[in-house]
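Here are some exercises to work through with the sequence and the model side by side. Try each task before you read its solution.

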Amino acid sequence: MDTETEGKAAAVEEMREWCVALPKVELHAHLNGSVRNSTLLELAKQLGDKGIIVFEDVKDVIMKSDRSLPECFKLFDLFHILTTDHDTVTRIAKEVVEDFAAENVVYLEIRTTPKNNEAKGMTKRSYMDAVIKGLKAVEDVDVELFGSNFRTNETLSSKLLDGDTKKKKIYVRLLLSIDRRETTSAALDTVNLAMEMMDQGVIGIDLSGNPVVGEWETYLPALQHAKNLGIPVTIHCGEVANRKEIQAVLDFCPQRLGHVCCLNDVEWKKLKSLMIPVEICLTSNVMTGGAPSLELHHFADLYNAKHPLSLCTDDSGLFSTSLSNEYYLVATTFGLSKSELFQLAQDAVQFVFADDVVKKSLKEVFKHAEKRLL
Ligand code: 6MZ
């Protein structure tokens, strides 16, 4: 390697490390899309040994790196076969939090679809209990799940000071997802479950699932119910060009929107005038064709317009990314400086669904990190 190449490699490494060190807020991460490949392979091997699946076929699918949107949803069906029993749900919830915390995510909203599975004796409630059990089982990191002072009177910010030898801390909150395959009644069950579990870390509702499946009218009563109950809502919007639905979603005016890929000029204008914060998922959108390339991703337009936004992973396992990597991609693709990246990460605090006490604590975390990172 010549000196110039070595210098470039060192600069890349330094920037990547800086993006890892940056405190980050993750607002759009699906539990089953964020599972480690090693865990999926281990689970597939177990089911392969039992003759339930053919391990070699599943292994190739898990290790494949590019995925179209329809392929993603076939894969989720496979992941659900691998992960949907109580102990496995507990395990993946624990690992996902550990992985985000390891790259300095200080606030994580993890979303997951509560599942009924009679064969496994699973109800939506017992599924969520298994998720929460996983969050409580995290040992390497202190998880603040119920409120800023859940385990101790010390706030998170006071424990995240640099040079701190204590354990890392992460706020975790849960969003319950309505899958687009569900009926109105099943969607309402999910909202009622969210209400029931508001004191256990559940903080909002998400509408997700295969965007070519289902009708807006099916979910609207449940989303409206959430709104009436005062539960914050985030909606996957415009993953495909469904004009009628994009219009309806903007009219509904949820607290946040995911993706916003296929909006036309009128819808784009409306989104900007409504100032609804957007969860930006760069790698996911490019892989699934929602954006033509990183360079042409709509992040640039929203960022330049000073529209509220937050960088997110969507499915870090499925798309082999991490939140640090998404920040790195923004730096290298759009030329943001470290101070602009820092501001971007810090601004995301405004869009969390958690209360002002948590927001205040997170602001402190950033204030302190600023001295070290800039
Ligand atoms: C829409 C998505 C998604 O809920 O089982 N999901 N929905 N668009 C996406 N973009 C690629 N990625 C994930 O996590 C997996 C579920 O999240 C939704 C799908 O409904 C998927 O089945 P949970 O933990």
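The exercises below concern a predicted model, and each is followed by a worked solution.

**Exercise 1. Two helices that pack**

Task: Find helix α5 and helix α6, and work out how they pack: at what angle, and with their axes how far apart?

Solution: Two packed helices are described by the angle between their axes and the distance between the axes. Begin with α5, which spans residues 86–102, and α6, which spans residues 124–137. Their axes are 7 Å apart, and the angle is about 40 degrees. Next, classify that angle: values under 35 degrees count as roughly parallel, and 65 to 115 as roughly perpendicular. The pair α5 and α6 is therefore oblique. The crossing is right-handed. Now list the residues that meet. On the α5 side they are H86, V89, T90, R91, I92, A93, K94 and V97, and on the α6 side S126, Y127, A130, V131, K133, G134, L135 and A137. Sorted by class, this contact has nine nonpolar, four polar and three charged residues.

**Exercise 2. Another partner for α6**

Task: Describe the crossing of α6 with α8, and say which residues make the contact.

Solution: Helix α8 covers residues 184–196, and its axis comes within 11 Å of that of α6, with a crossing of roughly 45 degrees. These two helices are therefore oblique to each other as well. The crossing of α6 and α8 is right-handed. From α6, the contact uses K124, R125 and M128; from α8, it uses D189, T190 and L193. By class, the residues of this contact divide into two nonpolar, one polar and three charged.

**Exercise 3. Around the ligand**

Task: How many residues surround the ligand, and which are the closest?

Solution: The count is 18 residues, and the closest are L31, N32, F76, T113 and S208. Then look at where the shell comes from: α4 (69–83) and β4 (168–179) are the elements that give two or more residues to it. Finally, sort the shell by class, which gives three nonpolar, 11 polar and four charged residues.

**Exercise 4. Positive phi values**

Task: Look up phi for C253 and for H259, then decide for each residue whether it is buried, exposed or partly exposed.

Solution: Most residues other than glycine have a negative phi. C253, however, has a positive phi near 55 degrees, and H259 has a positive phi near 75 degrees. Locate them next. C253 sits in the loop between α10 (243–252) and β7 (256–259), while H259 is part of strand β7. For burial, count the other C-beta atoms within 10 Å, where 20 or more means buried and 12 or fewer means exposed. C253 has 13, so it is partly exposed. H259 has 27, so it is buried.

**Exercise 5. A proline in a loop**

Task: Where is P232 found, and which residues does it touch beyond those up to four places away in sequence?

Solution: P232 is in the loop between α9 (216–229) and β6 (233–237). With 19 other C-beta atoms within 10 Å, P232 is partly exposed. Leaving out residues up to four places away in sequence, P232 touches I203, G204, Q255 and F353. As a last step, compare P232 with L78: they are 154 residues apart in sequence, and their C-alpha atoms are 30 Å apart.

**Exercise 6. A residue in α1**

Task: Is K8 buried or exposed?

Solution: K8 belongs to helix α1, residues 3–21. K8 has 12 C-beta neighbours inside 10 Å, so K8 counts as exposed.

How values were computed:
Residues are numbered from 1 along each chain as its sequence is written. This is a predicted model: local features need pLDDT of at least 70, side-chain atom pairs count only at pLDDT 80 or more; totals for chains, interfaces and linings use all residues. Axes are lines fitted to C-alpha atoms, for helices over the stretch in contact, and angles run from 0 to 180 degrees between N-to-C directions. Helices (H or I, at least four residues) and strands (E, at least two) are DSSP runs, numbered from the N terminus. Angles under 35 degrees count as roughly parallel, over 145 as roughly antiparallel, 65 to 115 as roughly perpendicular and the rest as oblique. A crossing is left-handed if the near helix is turned anticlockwise from the far one by less than a right angle, and right-handed if clockwise. Two residues are in contact if their C-beta atoms, placed from the backbone, lie within 7 Å. Ala, Val, Leu, Ile, Met, Phe, Trp, Tyr, Cys and Pro count as nonpolar, Asp, Glu, Lys and Arg as charged, and the others, Gly among them, as polar. A residue is near a molecule or strand if its C-beta atom, placed from the backbone, lies within 6 Å of it.
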